[in-house]
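Work through the following exercises with the sequence and the 3D view side by side. Each task is followed by a solution that proceeds step by step.

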Amino acid sequence: MMKSLRLSRYWVFQFGGWGLFALINVFFTWLFQRFEPNSLQRILFFIEVGIVFSHFMREVIHRSSLLLKDLRQQILTLILLTIVFSFFITCVVSPFEQLYELRTNAEGQPVSYLSLFITNFISFIPLLLMWNAIYFMYHFIIKTHKLEVDTVKLEALVRELELNTIKAHINPHFIFNSLNGIRALIDENPERARTAITQLSSILRSSLSTEKAETVSLEQELKIVKDYLALESMRFEDRLKIAFDVDERTLNNPVPPMMLQTLVENAIKHGVSKQMKGGIIKIVSDIKQNQHELVVQNTGHLNGYQKSSGFGIASTKDRLNLLYGEKASFEIKQLDNGLVEAKVLMPLR
């Protein structure tokens with residue numbers, strides 16, 4: 001189907017181009033009042049030969065795979081083909097015009113064969129050079145466009161693979177930490193441990209349902225986070241305090257799945273769990289300067305926080321960069337009131 005479409009497009013341009021050339025010749029012949037009985041016959045024969053030989057030249061280009069070669073080689077071959085085929089056409093046209101006296105001088109006498117041959121040869125060189133230039137330019141633009149499309153597709157595929165790789169690491173990492181928390185409950189409170197396992201299965205169901213998506217709504221992400229914090233509350237009991245400050249306008253805004261949960265998990269592991277008296281986890285979602293601001297604050301200090309190598313921080317930076325590029329940012333800093341703040345800025349939908 002595609003091959004047939006390209007072939008028909010080629011013939012449309014082929015007949016259209018040579019037809020336009022014929023009309024221009026007829027117009028100027030009439031304009032300068034040099035229209036003779038044999039003028040139309042000569043122009044039609046000229047066009048027929050031009051179509052046949054230019055098509056044959058195209059076959060030579062295809063069979064030699066010229067369009068796949070180096071650009072300099074293409075240009076040099078284009079010039080050579082123009083000269084060779086101009087000579088071939090001249091060898092066909094000149095005897096025909098001489099035989100039927102289709103070309104005459106100002107006195108109405110047939111011109112000499114040598115003069116006719118040189119005139120035709122010189123006339124066909126710029127004509128075929130233009131034909132070759134248009135043909136090569138058309139295929140160059142098509143090839144460049146295809147290369148750009150292929151590059152965009154490849155970049156999208158690489159981005160998808162990188163995102164899938166990150167997500168493939170998130171779930172095992174999350175499960176491992178959750179199971180460690182449950183293990184701590186088994187000896188202390190078996191009943192709570194059973195409840196925790198039930199909560200963990202609920203979290204896994206939620207996370208698996210969003211695993212294939214590049215983004216989910218903040219509302220879906222908060223559901224997983226709340227289940228996770230409920231699980232952690234059983235382990236830390238009164239040592240863990242939780243606060244939410246969520247603007248309802250941000251609930252439908254898309255966020256990378258499991259990103260907020262990973263930041264919360266990171267905050268508990270490197271912040272709250274290292275405090276004798278425990279601490280607070282505060283989650284803030286707001287709109288600031290036409291961007292979605294997502295903040296996780298936790299009791300603790302940045303020293304020993306694995307600022308550069310922590311999995312939660314590294315995965316967050318990578319995913320934001322892959323999804324939003326320079327439109328998103330991430331920073332983590334120490335606040336004066338003994339809190340560590342991880343802040344994500346993302347585009348609003």
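**Exercise 1.** Which residues does T82 touch, not counting residues up to four places away in sequence?

*Solution.* Bear in mind from the outset that this is a predicted model. Begin by locating T82, which sits in helix α3, residues 71-99. Leaving out residues up to four places away in sequence, the contacts of T82 are I125, L128, L129 and N132. Next, consider the side chain, a polar atom of which lies 2.8 Å from the backbone oxygen of L78. Finally, turn to accessibility: the relative accessible area of T82 is 2%, and because buried means under 20%, T82 counts as buried.

**Exercise 2.** Determine in what order the strands of the open sheet are arranged, and which strands stand at its edges.

*Solution.* The sheet is open and contains 5 strands, in the order β2-β4-β5-β7-β6, with mixed pairing. β2 (240-246) and β6 (329-334) each have a single partner strand and therefore stand at the edges, one side of each being left without a neighbour in the sheet. On average, neighbouring strands are turned by 10° against each other, direction ignored.

To see how the pairing comes to be called mixed, take the pairs in turn. β2 and β4 are parallel over 7 bridges, with L240 opposite G279 in β4. β4 (residues 279-288) and β5, by contrast, are antiparallel over 8 bridges, and here D286 has E293 of β5 as its bridge partner. These two strands form a hairpin with 2 residues between them, and Q289 in the turn has a positive phi of about 50°. β5 is also antiparallel to β7 (residues 339-347), over 9 bridges, where V296 is matched with A342 in β7.

**Exercise 3.** Is strand β5 largely enclosed or left open by the rest of the structure, and which helices touch the sheet around β5?

*Solution.* Of the 9 residues of β5 (residues 291-299), 8 are buried, so the strand is largely enclosed by the rest of the structure. Helix α6 lies across β2, β4 and β5, and runs at about 165° to β2. Helix α7 (residues 259-270) packs on the sheet as well, touching β4, β5, β6 and β7, with its direction making about 20° with that of β5.

**Exercise 4.** Check the length of helix α6 against the expected span.

*Solution.* Helix α6 (residues 218-236) has 19 residues and, at 1.5 Å a residue, should span 27 Å. The end C-alpha atoms of α6 are 26 Å apart, which agrees. Among the buried residues of α6 are L218, L222, V225 and L229. Just after the helix, E237 takes a positive phi of about 50°.

Notes:
Residues numbered from 1 in each chain as written. Predicted model: local features only at pLDDT ≥ 70, side-chain atom pairs only at ≥ 80, totals over all residues. Heavy atoms only, no water. Helix = DSSP H or I, 4+ residues; strand = E, 2+ residues; numbered from the N terminus. Buried < 20%, exposed > 50% of the residue type's maximum accessible area, 1.4 Å probe, protein only. Polar contact = N/O pair within 3.5 Å; in protein donor to acceptor, adjacent residues only side chain to side chain. Contact = heavy atoms within 4.5 Å. Pairing = 2+ DSSP bridges. Expected span 1.5 Å × (residues − 1). Axes fitted to C-alpha atoms, helices over the stretch in contact; angles between N-to-C directions.
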